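Thanks for sharing this one. Below are a few notes from a first reading, set out as numbered points so that you can reply to each in turn.

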Amino acid sequence: MLQAVLNGSRPEDAHPALPVLARHLARDARAVARLGISAVHVHPRDANAQETLDPMHVGDAVAAIRAEVPNMEIGVATGRWIQPDPDKRIAAVLAWGRLGVGKPDVCSVNVHEKGWDQVCAAAYQAGIGVELGIWTSGDAVTLTKHGIPPGTTRVLAESTVSDPETSVAEAIRILRALGTLPVPILLHGEEDGAWPVLEYALRMGMDTRIGFEDVLNRPDGWLATGNDDLARAALAIRV
């Protein structure tokens, strides 16, 4: 699977084509769907273009995408940087379960964040799948000791080392620490490490992802024109 990560935490001026509004996220989801991509991950924003877990804005973004691409898997973030209070994160996720067409299919939950297991339990209760974010080999050890929570869709192995010379080595360390899991692993990198890690994931036959959340430039170094440009470049890679 190639997942498209459309905006992430980037400020709205990070790229002229960065999708921030719900209708822009829907536009980009439609564009990558035309390339055969069936899953997107987005960070909904409020009226001030700030990331939010507010059910109104999350529901608007998800519903807008679903209206354009009904069969798309739609995922959203639950990061601590968006809402530091774990109790409020839990309440938000529970509220998402009542959003109807605006209900996300999955949400990402980072294992290094306080209350991560309770957020996972709330997602399971709300009927929302979980993507478990593993940023380090230490996170991987935490997960293997705890066990995979019910409702987990996949594990996101995230090499946060942006140096292209060492990003793959970090990814391998995380994978070794994770070992064999009962759910798929989606491996990805970020910034200058995004393309080397993506190529490694493809060589290993693993799920991966691409989009403005992870990188703004194409493999040739040129600034991408849009999320569909990045996706097209990823799909063209043969390893």
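1. Let me begin with strand β5. G129, E131 and G133 point to one side of this strand, while V130, L132 and I134 point to the other, and all of them are buried. This fits a general pattern: in a regular strand the side chains alternate between the two faces of the sheet. Please keep in mind throughout that the model is predicted.

2. How many of the residues of strand β5 are buried? The strand covers residues 129-134, and 6 of the 6 are buried, so β5 is largely enclosed by the rest of the structure.

3. The neighbours of β5 come next. Strand β4 (residues 106-110) runs parallel to β5, and 5 bridges join the two. Within this pairing, C107 has V130 of β5 as its bridge partner. Strand β6 (residues 152-158) is also paired with β5 in the parallel sense, over 5 bridges. Here G133 is found opposite L156 of β6.

4. The connections between these strands deserve a look in the viewer. Helix α4 (residues 116-126) forms a right-handed β-α-β unit together with β4 and β5. Helix α5 (residues 137-146) does likewise with β5 and β6, and that unit is right-handed too. β5 therefore takes part in both units, one with β4 and α4 and one with α5 and β6.

5. On cysteines, the model has 0 disulfides. C107 is in no disulfide, and the nearest cysteine sulfur, that of C120, is 7.2 Å away. Why is there no bond from C120? The closest cysteine sulfur to that of C120 belongs to C107, and 7.2 Å is too far for a bond, since the cut-off for a disulfide is 2.5 Å. Both side chains sit in enclosed surroundings by the accessibility figures: C107 is buried at a relative accessible area of 0%, and C120 is buried at 0% as well.

6. Turning to charges, the count is 12 salt bridges. One of them joins the side chains of R154 and E73, at 3.0 Å from N to O. R154 belongs to strand β6 and E73 to strand β3 (residues 73-77), so this pair links distant parts of the chain, 81 residues apart. R154 counts as buried because its relative accessibility is 6%, and E73 counts as buried at 18%, as the limit for buried is under 20%.

7. A second pair is R209 with D214, whose side chains meet in a salt bridge of 2.9 Å, N to O. Are these two residues buried or exposed? Both R209 and D214 are buried.

8. A further salt bridge brings together the side chains of R218 and D229, at 3.0 Å from N to O. R218 lies in the loop between β8 (208-210) and α8 (227-236), whereas D229 is in helix α8, so the pair ties together parts that are 11 residues apart in sequence. R218 is partly exposed, at 25% relative accessibility, while D229 is buried, at 10%.

9. One last point on the charged residues. Which residues do salt bridges with shared partners join into one network? They are E73, E131 and R154. This brings us back to β5, where E131 is one of the buried residues and points the same way as G129 and G133.

Methods
Residues numbered from 1 in each chain as written. Predicted model: local features only at pLDDT ≥ 70, side-chain atom pairs only at ≥ 80, totals over all residues. Heavy atoms only, no water. Buried < 20%, exposed > 50% of the residue type's maximum accessible area, 1.4 Å probe, protein only. Helix = DSSP H or I, 4+ residues; strand = E, 2+ residues; numbered from the N terminus. Pairing = 2+ DSSP bridges. Right-handed = clockwise from strand over helix to strand, strands pointing away. Salt bridge = Lys/Arg side-chain N within 4 Å of Asp/Glu carboxyl O.
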